[in-house]
Amino acid sequence: MADSDILQRLEAAIAERVKADPGTSYVAALNAKGQDAVLKKIGEEATETVIAAKSGDRAAIVHEVADLWFHCLVMMGRQGVALDEVLSELERREGRSGIAEKNARPK
Ligand SMILES: N=c1c2ncn([C@@H]3O[C@H](COP(=O)(O)OP(=O)(O)OP(=O)(O)O)[C@@H](O)[C@H]3O)c2ncn1[C@@H]1O[C@H](COP(=O)(O)O)[C@@H](O)[C@H]1O
């Protein structure tokens with residue numbers, strides 16, 4: 001079983017590597033391209049996740065979801081949104097009916 005702290009470690013690594021030389025860091029190079037480039041990657045990785053799921057290729061699903069989560073963390077770092085905020089939101093929803101959650105949302 002994987003270490004569940006990996007997302008926290010990845011968030012910290014992204015915050016550190018964003019300051020690195022873009023020539024040596026994917027995170028720094030992507031951030032240097034600006035917000036639209038980061039958002040484009042999220043769109044691409046989401047699409048690739050859908051394609052992987054449609055194909056039923058389990059290895060591809062794992063690969064693409066990892067890419068998608070990673071790029072979401074890069075975007076969150078730019079926006080000043082902490083991973084803990086998302087984890088807390090998931091905890092808040094835990095045990096609540098999805099239907100109740102849907103009905104509580106603004107129309
Ligand atoms: N988890 C990741 C991670 N997942 C995916 N990627 C990169 O995200 C890109 C995925 O995009 P694609 O699948 O479209 O592949 P690509 O065609 O190479 O990408 P582009 O050139 O189009 O951007 C690849 O280049 C991957 O290397 C990642 N790059 C970095 N990390 C983590 O971030 C840390 C810091 O990385 P650096 O900033 O490179 O030091 C690393 O130690 C890792 O922990």
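Modeller: Let me open with a definition: a crossing is right-handed if the near helix is turned clockwise from the far one by less than a right angle, and left-handed if the turn is anticlockwise. Please keep in mind that this model is predicted.

Biologist: Thanks, happy to. How many helices are there in the chain?

Modeller: Reading from the N terminus, the elements run α-α-α-α-α-α. Strands number zero, and the helices number six.

Biologist: What percentage of the residues of the chain count as buried?

Modeller: Along its principal axes, the C-alpha trace spans about 50 × 35 × 35 Å. Among contacts with a separation of 6 or more, 46% join residues 24 or more positions apart. A residue needs 20 or more other C-beta atoms within 10 Å to be buried. Of the 107 residues, the share that counts as buried is 9%.

Biologist: Let's turn to helix packing. Are H1 and H4 parallel or oblique to each other?

Modeller: H1 covers residues 6–17 and H4 covers residues 58–79, and their axes come within 10 Å. The axes cross at roughly 55°. An angle under 35 degrees would count as roughly parallel, and 65 to 115 as roughly perpendicular. The pair is therefore classed as oblique.

Biologist: Is the crossing of H1 and H4 left-handed or right-handed?

Modeller: On the H1 side, Leu-10, Glu-11, Ile-14 and Ala-15 take part, and they meet Phe-70, Leu-73, Val-74 and Gly-77 of H4. By class, this contact has six nonpolar, one polar and one charged residues. By the definition I opened with, the crossing of H1 and H4 is right-handed.

Biologist: Is H3 roughly parallel or roughly antiparallel to H4?

Modeller: H3 spans residues 35–55, and its axis lies 8 Å from that of H4. The two pack at an angle of about 160°. Angles over 145 degrees fall in one class, so H3 and H4 are roughly antiparallel.

Biologist: How many nonpolar residues does the contact of H3 with H4 have?

Modeller: H3 passes H4 in a left-handed crossing. Residues of H3 in the contact include Val-38, Leu-39, Ile-42 and Ala-46, while those of H4 include Ile-61, Val-65, Leu-68 and Met-75. By class, the contact has four polar residues, six charged ones, and a nonpolar count of 13.

Biologist: Now for the ligand, a favourite topic for a chemist. How many charged residues does the shell around the ligand have?

Modeller: The residues around the ligand are Leu-10, Ala-13, Arg-17, Ser-25, Tyr-26, Val-27, Ala-28, Glu-44, Asp-67 and Phe-70. H1, H2 (26–32) and H4 each supply at least two of them. By class, the shell has six nonpolar residues and one polar residue, and the number of charged ones is three.

Biologist: Is Ser-25 buried or partly exposed?

Modeller: Ser-25 sits in the loop between H1 and H2. Outside its neighbours within four places in sequence, Ser-25 touches Arg-17 and Ala-20. Being buried takes 20 or more other C-beta atoms within 10 Å. Ser-25 has 18, so it counts as partly exposed.

Biologist: How far apart are the C-alpha atoms of Ala-29 and Glu-64?

Modeller: Ala-29 has its place in helix H2. With 15 other C-beta atoms within 10 Å, Ala-29 is partly exposed. Ala-29 and Glu-64 are 35 residues apart along the chain, and their C-alpha separation is 20 Å.

Biologist: On to H5. What is the count of buried residues among its eleven residues?

Modeller: Val-86 is in helix H5 and is partly exposed, with 14 other C-beta atoms within 10 Å. H5 as a whole is hardly covered, and its count of buried residues is zero.

Biologist: Is Glu-85 buried or exposed?

Modeller: Glu-85 is also found in H5, which runs over residues 83–93. The cut-off for an exposed residue is 12 or fewer C-beta neighbours within 10 Å. Glu-85 has 10, so its class is exposed.

Biologist: One more, if I may. Which residue just after H5 takes a positive phi?

Modeller: For this one, look just past the end of H5. The phi there is about 85°, and the residue is Gly-95.

Definitions and conventions:
Residues numbered from 1 in each chain as written. Predicted model: local features only at pLDDT ≥ 70, side-chain atom pairs only at ≥ 80, totals over all residues. Axes fitted to C-alpha atoms, helices over the stretch in contact; angles between N-to-C directions. Helix = DSSP H or I, 4+ residues; strand = E, 2+ residues; numbered from the N terminus. Contact = placed C-beta atoms within 7 Å. Nonpolar A, V, L, I, M, F, W, Y, C, P; charged D, E, K, R; others polar. Near = placed C-beta within 6 Å.
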